[in-house]
Amino acid sequence: MKIQSYELGPIQTNAYVITNEELNRAVVIDPGMNPGKLIQRLQDAGTTVEAILLTHAHFDHMGGVDETRKAFGAPVYIHDLEAEWLTDPRKNGSLRWSEVTAPLVTDEAEYALDEGQMLKLIGLEFRVMHTPGHSPGSVSFLCGEHLFSGDVLFRQSVGRTDLPGGAERDLFDSIRGKLYKLAPQTTVYPGHGPRTSIGYEMQNNPYVPGQPR
Ligand SMILES: [Zn+2]
Ligand SMILES: [Zn+2]
């Protein structure tokens with residue numbers, strides 16, 4: 001299994017491509033704005049994209065969904081609580097951030113995600129963890145000891161909670177109650193910025209109060 005990251009769009013959103021090299025099949029997480037180079041690289045390699053997974057529906061994470069979906073014919077997965085955000089530029093934030101984006105909408109997602117779901121994709125298992133707080137339908141995806149955390153947990157930081165549907169208490173519950181229960185060696189691949197690990201954040205994240213030691 002190979003994990004590649006692409007910084008896409010005006011606010012450097014991380015898109016991740018997880019590839020099962022034996023099968024030459026991939027999953028794309030959060031294809032943000034201007035995903036051309038990501039698409040090109042996969043097409044050049046003849047890779048089949050089996051699914052497009054979204055950690056949440058803010059415009060910087062979903063801006064490239066339709067381009068990616070059309071290029072590969074892959075279905076899109078999102079938590080039910082943000083299914084409508086894909087088709088509503090007010091809800092996905094693209095209307096508000098008019099200085100960096102035109103209003104963005106995509107077609108509806110094909111599948112809904114929910115807490116505890118196990119997705120069997122590209123010969124691997126992706127566990128869906130509902131981790132609200134940054135947004136109500138934020139999810140994290142756990143594949144082996146790799147966690148794709150969206151805008152919930154960053155290296156030495158956490159997602160903002162002042163946007164519509166955000167809630168600080170939910171965010172800390174998600175991080176302490178779910179993410180910090182994972183094995184410390186779990187690698188964290190956030191929606192922005194560098195990789196980290198659960199153990200490193202438990203020791204060093206300055207924003208999560210009452211962290212276990
Ligand atoms: Zn976000
Ligand atoms: Zn983001």
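User: What makes the zinc ion (ligand 2) and the zinc ion (ligand 1) a linked pair here?

Analyst: In this predicted model, the two ions sit 3.5 Å apart, and D151 coordinates both of them.

User: How do you know which residues coordinate the zinc ion (ligand 2)?

Analyst: A donor has to be an N, O or S atom within 2.8 Å of this metal. D60 (OD), H61 (NE2), D151 (OD) and H192 (NE2) lie at 2.1 to 2.4 Å, so they count as donors. Along the sequence, their spacing reads D-H-x89-D-x40-H. D60 belongs to helix α2 (residues 59–62), while H192 sits in the loop between β13 (187–190) and β14 (196–197), 132 residues apart.

User: Why is the site of the zinc ion (ligand 2) called irregular?

Analyst: Look at the angles among its four donor atoms: they run from 88 to 159°. To be tetrahedral, all angles would have to lie between 85 and 135 degrees. The upper value of 159° breaks that limit, and the site is classed as irregular.

User: Why does H61 count as buried?

Analyst: Buried means under 20% relative accessible area. H61 comes in at 0%, so buried is the right word. D60 and H192 are buried too.

User: What makes the pairing of H61 with D30 a polar contact?

Analyst: The N or O atoms must be within 3.5 Å of each other, and these two side chains meet at 2.8 Å. H61 itself is found in helix α2. Leaving aside neighbours within four places in sequence, its contacts include T13, P31, L54, D151 and H192.

How values were computed
Residues numbered from 1 in each chain as written. Chains lettered and ligands numbered in written order. Predicted model: local features only at pLDDT ≥ 70, side-chain atom pairs only at ≥ 80, totals over all residues. Heavy atoms only, no water. Donors = N, O, S within 2.8 Å, 3.2 Å for Na, K, Ca; no water. Tetrahedral: all angles 85-135°; square planar, octahedral: opposite > 155°, others 65-115°. Helix = DSSP H or I, 4+ residues; strand = E, 2+ residues; numbered from the N terminus. Buried < 20%, exposed > 50% of the residue type's maximum accessible area, 1.4 Å probe, protein only. Polar contact = N/O pair within 3.5 Å; in protein donor to acceptor, adjacent residues only side chain to side chain. Contact = heavy atoms within 4.5 Å.
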